[in-house]
Amino acid sequence: MPSLKKKQLAKILSNLECFDNPKVELEQYTTPGDVAAELLWIAHINGDIAGKIIADLGTGTGVLAIGASLLGADIVYGIDRDDEALEIAQRNIKNLNLENITLIHGDVSFFSHKVDTVIMNPPFGCQNRNADRPFLEKACESEGVIYSINPNLEEVRRFVEMFLKEKGFGSYLLKTMSFEIPHQFYFHKKKLERIEVCIYRFEKLDRY
Ligand code: SAH
């Protein structure tokens with residue numbers, strides 16, 4: 001779909017099947033279509049999607065992986081620990097007739113391919129402290145440029161930027177956005193919660 005526009009991408013991604021039984025311990029929140037499309041669009045404009053090998057760490061129902069495929073990625077790996085989420089991702093992929101996405105069931109720590117670009121909305125580490133660490137570690141190891149969605153909280157930003165700096169990556173805060181979360185867990189008080197997130201690009205400083 002080479003002439004896809006950002007708005008169309010957001011609409012397609014918003015209409016995908018979401019988690020039907022979200023698991024609190026895995027911090028399963030579907031990235032809203034507008035946030036996913038924003039991240040993917042910026043990556044696309046930077047030349048980090050079309051023709052590239054992509055890893056979507058913690059793919060869940062496949063939103064980011066599917067968006068990357070629609071924007072012309074060559075190969076997309078979607079990795080997740082939860083087989084129920086991957087079944088939904090598989091249905092979403094099939095409904096759109098996408099053929100270049102490989103789903104891998106397992107912990108992100110075991111992913112071992114080298115890729116050009118990592119895209120991810122990792123667990124925010126709210127329910128399970130440090131749940132984002134294996135994602136950050138793996139993203140750095142995979143040698144690609146990294147696009148990530150993280151909570152816009154000062155202590156999280158400081159931690160993430162420092163973690164990446166120590167691994168030799170520069171951090172570029174691309175955008176902050178509102179991320180809508182429907183009432184899905186017992187501790188959600190409102191029908192619709194909104195949190196502020198950052199979209200980051202991290203790049204190894206000695207890449208060139
Ligand atoms: N990328 C999806 C889902 C984000 S929610 C989206 O943007 O909509 C985070 C996902 O990471 C969940 O699907 C959860 O099952 C998965 N996950 C959490 N910890 C994981 C780990 N250690 N290894 C693999 N997947 C993990």
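In this predicted model, Phe 159 and Phe 163 sit together in helix H6, four residues apart, or about one turn of the helix. Their ring centres are 5.8 Å from each other and the ring planes make an angle of 55°; since planes count as stacked under 30 degrees and as edge-to-face over 60, this pair is tilted. It is one of four aromatic pairs that the structure holds.

The two rings also bring us to the packing of H6 against its partner, H5. Phe 159 and Phe 163, along with Leu 164, are the H6 residues that meet H5. On the H5 side, the contact is made by Arg 133, Leu 136, Glu 137 and Cys 140. Sorted by class, this contact comes out as five nonpolar residues and two charged ones, with no polar residues at all. As for geometry, the axes of H5 and H6 (residues 154-166) come within 11 Å and cross at roughly 35°. The crossing of these two helices is right-handed.

H5 turns up again when we look at open space in the model. Running from 133 to 141, this helix supplies at least two residues to the lining of the largest pocket, and so do helix H3 (63-70) and strand S2 (75-80). The volume of that pocket is about 510 Å³. It is lined by 31 residues, and the ones closest to its centre are Leu 26, Gly 58, Asp 80, Pro 123 and Phe 135. The lining is a mixed bag by class: 14 residues are nonpolar, 11 are polar and six are charged.

What about enclosed space? Rolling a probe the size of a water molecule over the atoms shows where empty space is left. Counting cavities of 30 Å³ or more gives one, and the largest cavity has a volume of about 40 Å³. Part of its lining comes from a run of neighbours in the sequence, namely Phe 19, Asp 20, Asn 21, Pro 22 and Lys 23. Gln 28, Asp 82, Glu 84, Ala 85 and Ile 88 also line this cavity. Here the class split is four nonpolar, two polar and four charged residues.

Put side by side, then, the H5 and H6 contact has no polar residues, whereas the linings of the largest pocket and of the largest cavity each take in nonpolar, polar and charged residues.

Conventions. Residues numbered from 1 in each chain as written. Predicted model: local features only at pLDDT ≥ 70, side-chain atom pairs only at ≥ 80, totals over all residues. Heavy atoms only, no water. 1 Å grid on protein atoms, 1.4 Å probe; cavity = no way out; pocket = protein on both sides within 12 Å on 5 of 7 lines; lining within 4 Å. Points joined across faces, edges and corners; volume = space filled by probe spheres on them. Nonpolar A, V, L, I, M, F, W, Y, C, P; charged D, E, K, R; others polar. Axes fitted to C-alpha atoms, helices over the stretch in contact; angles between N-to-C directions. Left-handed = near helix turned anticlockwise from the far one by under 90°. Contact = heavy atoms within 4.5 Å. Phe/Tyr/Trp six-rings, centres within 6.5 Å; stacked < 30°, edge-to-face > 60°.
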